[in-house]
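Colleague: I am new to this structure. Please take me through one part of it closely, and then show me how that part fits with the rest.

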Amino acid sequence: MAFVPIEHDAAKGRRFMSLFFKFNETQKLVAAIDSISRNQLKKNWEGKNEVKVYPLVKMYTFTLACHLFLSINDTEKVLKLLYHFNNLTDGILSVPLSIPGTPFHRATRAMESLRKEIYLIIKERREALANNLASPTQDVLSQMIAVPFDDGFMTELEIVDKILAILFGGEETTTATITFAMKYLSEMPHLYNEVLKEQREITRSMKLREVLCFDDIQKMRYTWNFVNEVMRHIPIVQGAFREVKEDITFEGYVIPKGWKLYWSVGSTHHNSEYFSEPERFNPIRFEGNGPSPYTHVPFGVGPLMCPGHEYARLTILVFLHYVVKMFQWEPILPNEKMKFKAAPMPAEGFPVCLSPH
Ligand code: HEM
């Protein structure tokens, strides 16, 4: 079928994710994620009896993104950006009523503040690059400034928007996946035990080595099957639009050129033709050959597949490795409802009682 992406500029975002992996040797990337995971768990989780999982996981994914994409490590600065970012995501799917006090108004102002902050960061980086005080490959920002495209270098405003798109694409999605993974682990202790067993085996195989490496991640088979089942059960991204490039016929209906189509992740993931007992949570279905191609599509599929999927896998697995080894947790609100902002999330942020191992 002949579809084209609606965002014709998407190729640039995609190109930056591939440059990101090219310049960040995978082992260095895993080591950075390892260090920030441990640091966040020590700072914000250890020694607490109760925590709210969602905001703390968001703090982790956001701190990591600031470090890897923008080389920002100053906590104050990260918190300031996160404050604006939260206001943006809270209002992005709200009634477009721009009067003071509405989520939409707050989101619009947050967008302006983020644009200003990132604009200043770009200016500083340009200067640092010109004076050889920064490297052109050190992070996504430097690459955006230093690497030309067919149509030349990107302008400041273009870079601002690309950075925001990557942050927006990556933040809510990985945060929601980790949060729901932790929710399901607390509801199904036998799965928690399987994940813990696998992660402890990995630690044993590390012997004296303290930092996770890429081979360890590749061994996290059960845990990744479990995460895949989380993303199947609760589609983190609901779907995406495509524009019809030429008239097509689908089940007897003609869809004319120029129309917009929406492909839905959830209806594929819950289709009993592809997944037996689709409502049943069962990570085993991903063992062996797993589901048929094009049926499990949390990251989309084909040329427009999510460019951040490998980064998301590393971010999720490294964090789960440490959190299951350090704690067990129980929900404080067992029947907590779900709400939907940019991605689904537990309505109260998933408060839990923590017990250290
Ligand atoms: C569990 C985590 C994630 C999920 C479930 C997810 C899912 C998706 C899906 C379904 C799409 C649309 C694909 C399509 O149109 O066919 C997408 C696009 C995108 N994602 Fe992700 N994503 C995740 C994490 C990330 C991360 C970590 C980043 C960046 C660091 C990222 C950046 C993007 C970008 C930039 C696009 C738009 C690409 C384009 O317009 O061509 N995503 N993602």
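**A close look at Thr-174**

Modeller: A polar atom in the side chain of Thr-174 lies 3.4 Å from the backbone oxygen of Glu-171. Keep in mind that this is a predicted model. Thr-174 sits in helix 7, which covers residues 156–187.

Is Thr-174 buried or exposed? Its relative accessible area is 6%, and buried means under 20%, so Thr-174 is buried.

Now look at its contacts. Leaving out residues up to four places away in sequence, Thr-174 touches Thr-61, Ala-312 and Ile-316. Tyr-311 is 137 residues from Thr-174 along the chain, yet their C-alpha atoms are 9.5 Å apart.

Next, the nonpolar core. The largest one has 95 residues. Trp-45, Phe-69, Met-182, Phe-226 and Trp-329 touch the most other members. Helix 7 gives the most to this core, with 13 residues.

Follow Trp-329 from there. Beyond its neighbours within four places in sequence, Trp-329 is in contact with ten residues listed here in two groups. One group is Met-182, Leu-185, Ser-186, Tyr-192 and Val-323. The other is Val-324, Phe-350, Val-352, Cys-353 and Leu-354.

Last, helix 2, for another view of burial. Helix 2 spans residues 26–44, 19 in number. From first C-alpha to last it reaches 27 Å, close to the 27 Å expected at 1.5 Å a residue. Its buried residues include Leu-29, Val-30, Ile-33, Ser-37 and Leu-41. Asp-34, Gln-40 and Asn-44 are also buried.

Terms used. Residues numbered from 1 in each chain as written. Predicted model: local features only at pLDDT ≥ 70, side-chain atom pairs only at ≥ 80, totals over all residues. Heavy atoms only, no water. Helix = DSSP H or I, 4+ residues; strand = E, 2+ residues; numbered from the N terminus. Expected span 1.5 Å × (residues − 1). Buried < 20%, exposed > 50% of the residue type's maximum accessible area, 1.4 Å probe, protein only. Contact = heavy atoms within 4.5 Å. Polar contact = N/O pair within 3.5 Å; in protein donor to acceptor, adjacent residues only side chain to side chain. Core = buried A, V, L, I, M, F, W, Y, C linked by side-chain atoms within 4.5 Å.
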